[in-house]
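Trainee: Could we go through this model together? I would like to see how each label is earned.

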Amino acid sequence: MKYWFSILTILLLVFSAIELKAEIPNYDEMIEKLESSKDDSLKYENIKGALCFYHPESEKVFEFANEEFYEKMYPIWQNDSLKVIEINKLLEKYPKTNWRRLMYQYLTYSLHNLNRKIPLILVIDAFREAFPNDYKPYSQSARYYNKLDNSPDEALEFAIKAHAMSFDYPKVEFFPEEEWMLEKRSAPVKTAALLAEIYFKQDKYKEAEDMLNKIISNNDLGMDDETTLCGCCYWLAKIHKELGNREDAVQSAIKALVAGDSRNYYTSKADSLLRRVIAYNDLSEAEYPDFIRKQVGYDKVVFSDVTEQVGMKNVSAGRIAWGDYNNDGFQDILLNGMRLFRNMNGTQFVEITQAAFPDTIRGGGGLWGDFDNDGFLDIITKDPEFIWLNDQGTFHKVNGTNSICDNQVSTEGIGIGDVDKDGFLDIYFANYEVWKQTHSEPEEDQFFRGIGDGRFLDITESAGLLPIDGKKRAGRGVNMCDFDLDGDLDIFVSNYRLQDNFLWQNDGTGHFENKALELGIAGDEVEGWWGHTIGSEWADIDNDGDFDLITCNLAHPRYIDFSNKTRLYINENGKFIDRRKEAGIKFEETHSEPCWADFNNDGFLDLYITSIYEGRRSFLYLSNGDGTFKETTFLAGVRHFNGWGAACADYDNDGDLDLLVAGGKIQLFQNETNMKNNWLEVRVIGKNHIDAIGTKLILSNDEISLMREIQGGKGTTNQHSFVQHFGLGNLQPPFELEAIFPDGTKKILIINEINKIVIVDE
């Protein structure tokens, strides 16, 4: 009886479906009704359900599935059991949309993590059936059959098919174009590494070698791809080793290390291979990097990690500020605005936090500035926000009327400078966001005018520093700079959450107008979206006498079609043009904090960029002197993972800039470049305050003109040393040094001796 009832039910459903199909509502009309019903949630959901039923393969249903997928996944991102349940529900709800392609990928990943082998096999079978002409389900099948290790022949068959299909497969309808091209360019490289692994396990070395050589020689990866050849080079190194080709194995392993990968998966494997099996038998830890450099003929900038040597092993922080708090001529370190390390004549750093702060200090970041004009550097902290005045090496919190006090919101960026030229430092807070129960809301920025003795007035509104559209932005960082060279400090604000950046132009009186959009520096707008800008920094990177800007953006591939990548804005007659790709700076999903410095003293600024998230690597780009850069991170010895803050100082006063990087455990990289290039360092003592923030320095002769400006913080609350550094290459004196102070007065010195620190006293 139950059997016949089931058959009858199925027949009724089939006949109903046939009848409904004959009366399918018009898609465009349904979209119009959907748009007009946004204010009526019940009606909207009914129309949405009807669209999913009548037009399950449409673009709008693709969008529904996309939105609901991430809405469901974010709260349970680390819980594979819940992800399996929710993704299966979504597959039932959206049985025909092309968005299933991503659902299947996440589902296979979670099932494998849970060691649920039979459901995993069933899902990857369903994945191939749903997308028979796509390389991705075959790649997933090969990967997990290989991991299960019980069907080697099938794993190899799937891997061969995935690699062959990866060169030419049909675009999934409605998939965003730029995101699709990211995947398309990387697909042959990634499937080659997977196929090589399976070939290797089955001792098919020659097949793997031929395939890898072909893919390494011919690939479409470029400046907009974070995928590298690291995995392919690693497997080629392993194969060369097995075939007894030791020298080829060494070279391939080094290529893997130099290339790196965005999760530090193959990089670490290549390092182990090179150290333990190929090259490391008779080498000390210090000799190992030199061995690699000699192998590839590298003779550029070189650093050593001296973190442990200087007494800072296992110290963790996210933000860095260099400053000479005790005026002994050596740069000290403030970490996270709450830990102070004294520089012991360039040899050691000793933590003096407890002695220096009788009051308990807390902070999520901090900067140095002389807020009471007494000739000693004070501190401003964020989260909580307070001024700490320096009394001969002891810091006391300023309380009372007109003091800076905790604003009770998340402040990400601080910028300090004398914007109204009255002799007192002013402060800009880039405030971030507050989380509600279901969403986040941006916070309003704040600007405080200094009135002396560490006291301030909130003049945000009267200074014109509120957006005219009335919409708050999620601020991340602040960079003050006289970008228009009119004698007063302007303010650039990095904004997050796919929002436009601010460029507050100073009219000379301390009143501002946002010129970011007009001057091409707000970012690029796509359908109302901009970028996730984190850290930014001004510098004259092309030595043409004006300030350029880099903005580091986090840009997830799934949002790449409408979110900004990192921008390298070159100042061309007052307008800014993005030249990142032409300059040779690669896209990386999680770029965070930039750092400009002339590390090799050749007269051209180099660039260091951190990247946040586990396994994400940093980048050092050396200037070629012609507006382009070459990445040398690994060979230079400054690769840091999961980085956030970065800033420079010549902490040992030897004439070259050293680099401190934060994000997890800090790393202090001592510059050991032996290029014999000339240099000059300039310490400015301001008339009103010791730091002389905002002072411009122009060092020139008939062959070169270099410009620096003393910064009151950079990026997302990090700070370089106030001592300004100039690399001079093989140029010889005399030079003219022009100092333009914040109040507009100037001083010119003739420099007849170089390779020394000079003091300019206003």
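Mentor: Gladly. Let us start with a term: a crossing is left-handed if the near helix is turned anticlockwise from the far one by less than a right angle, and right-handed if clockwise. In this predicted model, α3 passes α4 in a left-handed crossing.

Trainee: What makes α3 roughly perpendicular to α4?

Mentor: Helix α3 (residues 41-54) and helix α4 (residues 59-73) pack at an angle of about 115°, their axes lying 9 Å apart. Angles of 65 to 115 degrees count as roughly perpendicular, so α3 is given that label relative to α4.

Trainee: Which residues of α3 and α4 make the contact?

Mentor: From α3 come Tyr44, Lys48, Leu51 and Cys52, and from α4 come Lys60, Val61, Phe64 and Glu68. Sorted by class, this contact of α3 with α4 has 5 nonpolar, no polar and 3 charged residues.

Trainee: Why are α4 and α6 called roughly parallel to each other?

Mentor: The axes of α4 and helix α6 (residues 100-113) cross at roughly 25° and come within 10 Å. Angles under 35 degrees count as roughly parallel, and the label for α4 and α6 therefore follows. In this pair, Ala65, Phe69 and Tyr70 of α4 meet Leu102, Met103 and Tyr106 of α6. The contact of α4 with α6 divides into 6 nonpolar, no polar and no charged residues.

Trainee: On to the sheets. Why do β34 and β37 stand at the edges?

Mentor: The open sheet there has 3 strands in the order β34-β31-β37, with mixed pairing. β34 (724-729) and β37 (757-761) each have a single partner strand, so one side of each is left without a neighbour in the sheet. From one strand to the next, the twist averages 25°.

Trainee: How do you know that β31 pairs with β37?

Mentor: A pair needs at least two bridges, and 5 bridges join strand β31 (residues 678-685) to β37, the two running parallel. Among the residues facing each other, Val682 has Val758 in β37 as its bridge partner, and Glu681 stands opposite Ile757 in β37.

Trainee: Which side chains of β37 point to which face?

Mentor: Val758 and Val760 point to one face and are buried, whereas Ile757, Ile759 and Asp761 point to the other and are not buried. In a regular strand the side chains alternate between the two faces of the sheet.

Trainee: And what leaves β10 and β15 with one side unpaired?

Mentor: An open sheet of 4 strands runs in the order β10-β11-β14-β15, paired antiparallel. β10 and β15 (455-458) are the edge strands, each with a single partner, so one side of each is left without a neighbour in the sheet. Neighbouring strands here are turned by 25° against each other on average, direction ignored. As for β15's partner, 4 bridges join strand β14 (residues 446-452) to β15 in antiparallel fashion, and Gly452 stands opposite Arg455 in β15.

Trainee: Finally, why is Val398 called buried?

Mentor: Buried means under 20% relative accessible area, and Val398 has 7%, so the label applies. Val398 is found in the loop between β9 (394-397) and β10 (411-417). Leaving aside neighbours within four places in sequence, Val398 is in contact with Ile387, Leu389, Ser403, Ile404, Gly454 and Arg455. The C-alpha atoms of Val398 and Ile387 are separated by 5.6 Å, with the two residues 11 residues apart along the chain.

Definitions and conventions. Residues are numbered from 1 along each chain as its sequence is written. This is a predicted model: local features need pLDDT of at least 70, side-chain atom pairs count only at pLDDT 80 or more; totals for chains, interfaces and linings use all residues. Side-chain values use heavy atoms; hydrogens and water are left out. Axes are lines fitted to C-alpha atoms, for helices over the stretch in contact, and angles run from 0 to 180 degrees between N-to-C directions. Buried means under 20% relative accessible area, exposed over 50%, partly exposed in between (1.4 Å probe, protein chains only). Contact means heavy atoms within 4.5 Å. Angles under 35 degrees count as roughly parallel, over 145 as roughly antiparallel, 65 to 115 as roughly perpendicular and the rest as oblique. Ala, Val, Leu, Ile, Met, Phe, Trp, Tyr, Cys and Pro count as nonpolar, Asp, Glu, Lys and Arg as charged, and the others, Gly among them, as polar.
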